[in-house]
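Trainee: I would be grateful for a close look at the sheet of this model. Please describe how it is built and what surrounds it.

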Amino acid sequence: MDRLKDRVAIVTGGAKGMGAATCRLFAAEGAYVVVADMADDEGRALAMELGPRGQYFPLDVRKGAAWEALVADVTQRWGRIDALVNNAGVLHFADIEHLAEEDFDRVYQVNVKGAFLGLKHVGGVMKAAGRGAVVNISSIDGLRGSNGVAAYVASKWALRGLTRAAALELGHHGVRVNSVHPGGIDTTMGNPMGLSGQAKNRGYEVVPLQRMGETQEVAAASLFLCSDDASYICGAELAVDGGWSAGHYHVFLQGAPSSIAQSFT
């Protein structure tokens with residue numbers, strides 16, 4: 001407890017899913033948390049749930065003026081910004097041939113430009129203070145390729161590169177920038193049908209841990225990277241994917257005769 005005691009954190013896309021889990025965990029660890037989102041009802045409800053440690057701010061991450069207003073509000077209220085989690089993101093399904101230009105632009109505007117603007121405006125405050133931590137929520141699809149989601153994959157690889165560039169620019173000012181790469185997580189994006197129990201883990205037999213991840217597990221990674229426990233970690237990429245990025249687990253080899261298993265090794 002109290003790993004973020006009295007620190008001020010901004011979480012974009014903070015009203016739902018991984019963002020909401022991150023807001024709750026940060027507040028439980030002593031932080032003042034700004035729930036930055038365009039989902040007014042959910043954002044305000046979460047801020048009320050967090051009590052005096054929660055504040056909602058309507059933010060369109062694609063707009064520089066909105067970021068300027070957010071930073072002005074937070075610094076006037078608390079006089080500091082210690083942590084930023086660039087969690088806001090969108091996913092669009094389409095192969096390259098059928099991917100509309102406007103959909104590609106929309107994905108990039110949120111997933112890449114949104115994080116860039118956060119680094120630009122919040123990073124300056126942290127740089128002046130000589131301290132801070134930024135976590136960019138990328139994806140396992142920022143570590144590999146995946147068909148049918150070309151815009152999303154491209155944006156998450158771009159976010160990975162942006163993280164490294166920012167780590168180099170801000171690290172020597174005491175600001176640590178890292179990325180987190182979730183695998184399949186139980187959110188509206190990762191589990192659109194709202195399956196529960198073992199049903200939601202169907203298809204994850206190829207993942208070493210053989211299950212879908214929980215939002216709290218991603219939040220815990222962001223907490224670690226924003227805390228003093230990660231004081232010497234900068235420019236790193238942390239996969240929270242049940243081992244998926246390590247490779248596919250071949251279920252059919254489990255218990256197979258050694259002669260068959262050897263032919264696949």
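Mentor: In this predicted model, 7 strands form an open sheet with parallel pairing, in the order β3-β2-β1-β4-β5-β6-β7. Its edges are β3, residues 54-58, and β7, residues 237-240, each of which pairs on one side only. On average, neighbouring strands of this sheet are turned by 20 degrees against each other, direction ignored.

Consider the pairing of β1 and β2. Strand β1 covers residues 8-12 and strand β2 residues 32-37, and 5 bridges link them in the parallel sense. Within this pair, V8 is placed opposite Y32 of β2. Helix α2, residues 40-50, lies across β2 and β3, and its direction is at about 165 degrees to that of β3. A further helix, α6 (residues 215-226), packs on the sheet and touches β4 (83-86), β5 (132-137), β6 (175-182) and β7. The direction of α6 makes about 165 degrees with that of β6.

Strand β6 merits separate attention. Because 8 of its 8 residues are buried, β6 is largely enclosed by the rest of the structure. The burial applies to both faces: V175, V177, S179 and H181 are buried on one side, and R176, N178, V180 and P182 on the other. Towards β5, strand β6 runs parallel and is joined by 6 bridges, with G132 standing opposite V175. The chain passes from β5 to β6 by way of helix α5, residues 150-170, in a right-handed β-α-β crossover. Towards β7, the pairing of β6 is also parallel, over 4 bridges; here V180 has L238 of β7 as its bridge partner. The connection from β6 to β7 passes through α6, and this β-α-β crossover is left-handed.

The nonpolar packing comes next. In soluble globular proteins, nonpolar side chains tend to be buried together. The largest nonpolar core here has 31 residues, and F26, V33, V180 and C226 are those with the most contacts inside it. At least two residues of this core come from each of β1, α1 (17-28), β2, α2, β4, β5 and α6. Apart from this core lies another, of 26 residues, which includes A36, A166, L170 and V177. V180 and V177 lie on opposite faces of β6; V180 is among the residues with the most contacts in the 31-residue core, whereas V177 belongs to the core of 26 residues.

C226 can be examined in more detail. Leaving aside residues up to four places away in sequence, C226 touches L4, R7, F26, A83, V85, A133, V135 and R176. C226 is buried, as its relative accessible area is 4%. The cysteine sulfur closest to that of C226 belongs to C23 and is 11 Å away, which is too far for a bond. C234 is likewise in no disulfide, its nearest cysteine sulfur being that of C226 at 12 Å. With a relative accessibility of 35%, C234 counts as partly exposed. The count of disulfides in the model is 0.

Notes
Residues numbered from 1 in each chain as written. Predicted model: local features only at pLDDT ≥ 70, side-chain atom pairs only at ≥ 80, totals over all residues. Heavy atoms only, no water. Pairing = 2+ DSSP bridges. Axes fitted to C-alpha atoms, helices over the stretch in contact; angles between N-to-C directions. Contact = heavy atoms within 4.5 Å. Buried < 20%, exposed > 50% of the residue type's maximum accessible area, 1.4 Å probe, protein only. Right-handed = clockwise from strand over helix to strand, strands pointing away. Disulfide = S-S within 2.5 Å. Core = buried A, V, L, I, M, F, W, Y, C linked by side-chain atoms within 4.5 Å.
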